[in-house]
Amino acid sequence: IHARAIAHPDQIVQVLSNKRPSIQRPSPEARSSSAPSVPSYLYGSMVHDQTANVQIVLVETLQPLTPQQTLLLEVWIDGLKRSLSLEQEMQRQQAKIALLEQVIQHTAHQVRQPLSLIELYTDVMSSLPVDDPVRSQLDLMRSATTDLDHHIQHLADYGGRTTLQLEPHGLQEIWATSLQQVRPWADEKQIRIVNTSDSLRLMCDRWQMGQVFNNLLLNAIHFSPVGGTITCQWQRFQEEVLVELWDEGPGIDEDDLPKIFMPFHSRRQGGTGIGLSVVKKIVLDHHGQCWATNLPSGGAKFSFTLKC
């Protein structure tokens with residue numbers, strides 16, 4: 001059988017000559033007959049995957065393909081390539097998430113030991129005289145250690161099935177708490193944070209929604225210029241609320257937009273690539289959606305929806 005090399009990976013070419021009959025696979029009924037073999041035509045295309053492996057797709061026909069049929073075959077193979085790419089991307093993300101879970105579990109175990117020691121010292125210090133100035137810091141220390149322990153527990157649960165503490169909460173109150181927590185970083189860069197949205201109550205996990213605002217605000221503060229403005233607003237549409245937060249920074253590189261919420265993906269110096277992936281997980285756990293876009297005037301905008 002005469003064959004020629006496939007010239008281009010995206011080109012469907014006839015790889016076998018129709019001057020020679022191909023090997024036939026006759027049915028059992030036809031095996032005993034002496035019917036002449038029917039010439040066939042074989043077409044092929046290379047399919048590259050992202051691990052540099054090459055697969056070859058071969059299609060055998062009894063008649064030469066018309067230009068329209070060749071076009072349909074090209075469309076089909078293009079869809080096959082896209083499906084293969086998506087499957088490989090999913091496998092990579094699952095491997096990253098599995099690694100992330102291991103790192104978080106190890107970190108949670110390592111952090112809890114010194115945290116327990118801090119709590120022990122706090123209890124010892126509570127025996128100091130009431131007028132001792134150190135006593136005034138005890139409540140703050142207890143609150144900080146409790147909140148840190150809460151963070152560790154939620155990080156340990158990251159990647160698994162999360163149990164939401166769903167209760168009616170005011171979105172404005174959750175926002176105010178997050179704003180207070182990130183205020184030192186915003187003040188350091190003289191950043192103005194604006195939110196004129198009305199109060200809105202919805203069923204959510206208060207602590208987790210606070211983490212969504214915290215991570216988005218810290219990300220916006222990092223990329224905002226000194227003296228810039230960060231704006232947040234929300235509005236209700238029937239049974240959903242749309243929350244949007246944007247900054248005046250450089251925006252997101254177009255190549256990074258599809259990967260911005262992936263674990264370990266970060267363009268931020270010293271960033272872990274976990275913050276925005278946590279945002280997406282929490283929003284998805286609340287049966288919402290989240291996405292990121294660039295503003296025409298510059299800056300990045302993060303949006304997410306929640307059920308009211």
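Of the 308 residues in this protein chain, 35% count as buried, where buried means under 20% relative accessible area, exposed means over 50%, and partly exposed lies in between (1.4 Å probe, protein chains only). Welcome to a predicted model, in which local features need pLDDT of at least 70, side-chain atom pairs count only at pLDDT 80 or more, and totals for chains, interfaces and linings use all residues. Residues are numbered from 1 along each chain as its sequence is written, and side-chain values use heavy atoms, with hydrogens and water left out.

**The whole chain**

- The protein chain has six helices and 10 strands; helices (H or I, at least four residues) and strands (E, at least two) are DSSP runs, numbered from the N terminus.
- Among the contacts in the protein chain with a separation of 6 or more, 65% come from residues 24 or more positions apart; a contact means heavy atoms within 4.5 Å.
- About 19,200 Å² of the protein chain is exposed, and carbon and sulfur atoms supply 55% of that area; accessible areas come from the Shrake-Rupley method with a 1.4 Å probe, and for residues only the protein chains shown count as cover.

**Helix 4 and what follows**

- Helix 4 covers residues 171-188, and its 18 residues should span 26 Å at 1.5 Å a residue, which agrees with the 26 Å between its end C-alpha atoms; the expected span is 1.5 Å times one less than the number of residues.
- Look for a kink of about 55° at V182 in helix 4, shortly before the proline P184; the bend at a residue is the angle between axes fitted to the seven residues ending there and the seven starting there.
- V182 is also one of the buried residues of helix 4, a list that includes L171, I174, W175, S178, L179 and A186.
- The buried residues of helix 4 pack against strand 4 (166-170), strand 5 (192-194), strand 6 (201-205), helix 5 (206-223), strand 7 (229-237) and strand 8 (240-246).
- Q190 comes after helix 4, in the loop that leads to strand 5.
- The phi of Q190 is near 55°, a positive value in a residue other than glycine, and Q190 is exposed, with a relative accessible area of 59%.

**Helix 6 and its surroundings**

- In helix 6, the buried residues are L276, S277, V278, V279, K281, I282 and V283.
- Helix 5, strand 9 and strand 10 are among the elements that cover the buried residues of helix 6.
- Just after helix 6, H287 takes a positive phi of about 60°.
- M262 sits in the loop between strand 8 and helix 6 (275-285), and M262 counts as buried at 19% relative accessibility.
- From C-alpha to C-alpha, M262 and K96 are 9.1 Å apart in space, while 166 residues separate them in sequence.

**Strand 10 and its partners**

- Seven of the eight residues of strand 10 are buried, so this strand is largely enclosed by the rest of the structure.
- Strand 10 (residues 300-307) pairs with strand 9 (residues 290-294) in the antiparallel sense over five bridges; two strands pair if DSSP finds at least two bridges between them.
- On the strand 9 side, A292 has F302 as its bridge partner in strand 10, and N294 stands opposite A300.
- The hairpin of strand 9 and strand 10 has five residues between the strands, and G298 takes a positive phi near 105° there.
- Strand 8 also pairs with strand 10 in the antiparallel sense, over seven bridges, and V243 stands opposite F304 of strand 10.

**The loop before strand 8**

- Q238 is in the loop between strand 7 and strand 8, and its phi is near 55°, a positive value in a residue other than glycine.
- Q238 is exposed, with a relative accessible area of 72%.

**Cysteines**

- A disulfide is a covalent bond between the sulfur atoms of two cysteines.
- Searching the whole structure turns up zero disulfides, with a disulfide taken as a pair of cysteine sulfur atoms within 2.5 Å.
- C232 is buried at a relative accessible area of 1%, whereas C308 counts as partly exposed at 27% relative accessibility.
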